[in-house]
Amino acid sequence: MKRKMLMRFPGGLAKALTFSYDDGVEQDERLVSILNKYGMKGTFNLNSGCYAEPGRVWEPGRIHRPLSGDRVYALFRDGVHEVAVHSLTHPYLDELPAAVAAHEVLTDRVNLERQFGRLVRGMAYPIGTYSDETVEVVKSCGIAYARTTKETQDFKIPTDWLRLHPTCRHSHPQLMELAEKFVTTDPEGRKQAKLFFLWGHSYEFERDDNWQLIEDFTAYMAQYADKLWYATNIEIRDYVEDYRRMIASADGHLLHNPTARTLWVEYNGRVITIAPGETKNAEEFF
Ligand SMILES: [Zn+2]
């Protein structure tokens, strides 16, 4: 007999959409309102050592305007979107001695965890640069995933979370073609799970005078809301890693969920759920 087992996201969905935006700038406030309009979720990578002083008014014409700590807090305190590490002061981490790089990562993490009173385990490499040594540093700081700037232009589920390559930047010339390919390939979600991972800086929309681009992208994706799991970067990483912890009997019939969340599996064409701690005989459903 044929044996088909595929990971499904919560709700039995086959596709997920996530956003990753860097530097904690004023334009994040507008981007958050656009995401909130559709219930989409993103991750915002913050440099806690670069916050503006409260009440700071930047000179006219300046595009890169870091938020103050109190505005960052006001924007992300509700926990809808993820806040993640982007280093304390935005250096080339791969050019720093390991201990200094560790200080950059860990201090930002400590600052954000204290500011928000929650766990902060995600990261984006500042300027996208890293070496094997940087990856070791990041790992030792307890970072669960770290995003690069290398565009894959595909929708594969990541395996190397500390070298997490996004699908594309929003300025990618084929952004909308990639979006269309994502939703129209396997429209019923019967094949392998897919992820559209978009990254950028919200100040680019102001600099390039193209807020319409992200308005169009989100409005387009929102048409497929019932087929897409909207999640933050860490929610996707944690779900996928929990799914990968599922234990199966050698014939694939018995499935045990050792994790604290419900897992969704497509088993021979039918979506089944396995509750935390549950062992299920998937063959009972046929
Ligand atoms: Zn940055």
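Helices H3 and H4 cross in a right-handed sense, meaning that the near helix is turned clockwise from the far one by less than a right angle (anticlockwise would be left-handed). This is a predicted model, so local features need pLDDT of at least 70 and side-chain atom pairs count only at pLDDT 80 or more, while totals for chains, interfaces and linings use all residues. Residues are numbered from 1 along each chain as its sequence is written. Helices (H or I, at least four residues) and strands (E, at least two) are DSSP runs, numbered from the N terminus.

To stay with that first pair, the axes of H3 and H4 come within 9 Å and cross at roughly 45°; axes here are lines fitted to C-alpha atoms, for helices over the stretch in contact, with angles running from 0 to 180 degrees between N-to-C directions. H3 and H4 are therefore oblique to each other, given that angles under 35 degrees count as roughly parallel, over 145 as roughly antiparallel, 65 to 115 as roughly perpendicular and the rest as oblique. On the H3 side the contact uses Ala98, Ala101, Ala102 and Val105, which meet Glu133, Thr134, Val137, Val138 and Ser140 of H4; two residues are in contact if their C-beta atoms, placed from the backbone, lie within 7 Å. Sorted by class, this contact has six nonpolar, two polar and one charged residues (Ala, Val, Leu, Ile, Met, Phe, Trp, Tyr, Cys and Pro count as nonpolar, Asp, Glu, Lys and Arg as charged, and the others, Gly among them, as polar).

H4 itself spans residues 132–140, and Thr134, Val137 and Val138 are its buried residues. Buried means that 20 or more other C-beta atoms lie within 10 Å of a residue's own, exposed means 12 or fewer, and partly exposed is in between, with C-beta atoms placed from the backbone. Looking down the axis of H4, the buried residues fall within an arc of 95°, so they line one face of the helix; the arc is that of the directions from the helix axis to the C-beta atoms. An α-helix has 3.6 residues a turn, so residues three or four places apart point the same way. Asp132 and Ser140 are exposed on the face of H4 turned away from its buried side. The cover over the buried residues of H4 includes helix H3 (98–116), strand E5 (122–124) and strand E6 (145–147). After H4 comes Gly142, with a positive phi near 80°.

H1 (residues 28–38) gives a similar kind of readout. Here Asp28, Leu31 and Val32 are buried. Viewed down the axis of H1, they fall within an arc of 100°, so they line one face of the helix. Ser33 and Lys37 sit exposed on the other side of H1. The buried residues of H1 pack against strand E2 (15–22), strand E3 (42–46), helix H2 (69–76) and H7. Just past the end of H1, Gly39 has a positive phi of about 70°.

As for how H1 meets H7, the two axes come within 10 Å and cross at roughly 15°. That makes H1 roughly parallel to H7. The crossing of the pair is right-handed. Leu31, Ile34, Leu35 and Tyr38 of H1 make the contact with Ile214, Glu215, Thr218 and Ala222 of H7. These contact residues split into six nonpolar, one polar and one charged.

H7 also packs with H5, at an angle of about 10° and with the axes 11 Å apart. H5 is thus roughly parallel to H7. Leu175, Met176 and Ala179 of H5 make this contact with Phe217, Tyr220 and Met221 of H7. By class, the tally is six nonpolar, no polar and no charged residues.

Within H5 (residues 175–184), the buried residues are Leu175, Ala179 and Phe182. They cover an arc of only 60° around the axis, which puts them on the same side of H5. Glu177, Glu180 and Thr184 are exposed on the other side of H5. Strand E7 (168–169), strand E8 (194–200) and helix H7 (211–222) are among the elements that cover the buried residues of H5. Just after H5, Asp186 takes a positive phi of about 50°.

Away from the helices, Arg261 lies in the loop between strand E11 (254–256) and strand E12 (263–267). Arg261 counts as partly exposed because it has 14 C-beta neighbours inside 10 Å. Leaving out residues up to four places away in sequence, Arg261 touches Asp242 and Pro276. The C-alpha atoms of Arg261 and Pro276 are separated by 5.2 Å, although these residues are 15 apart along the chain.
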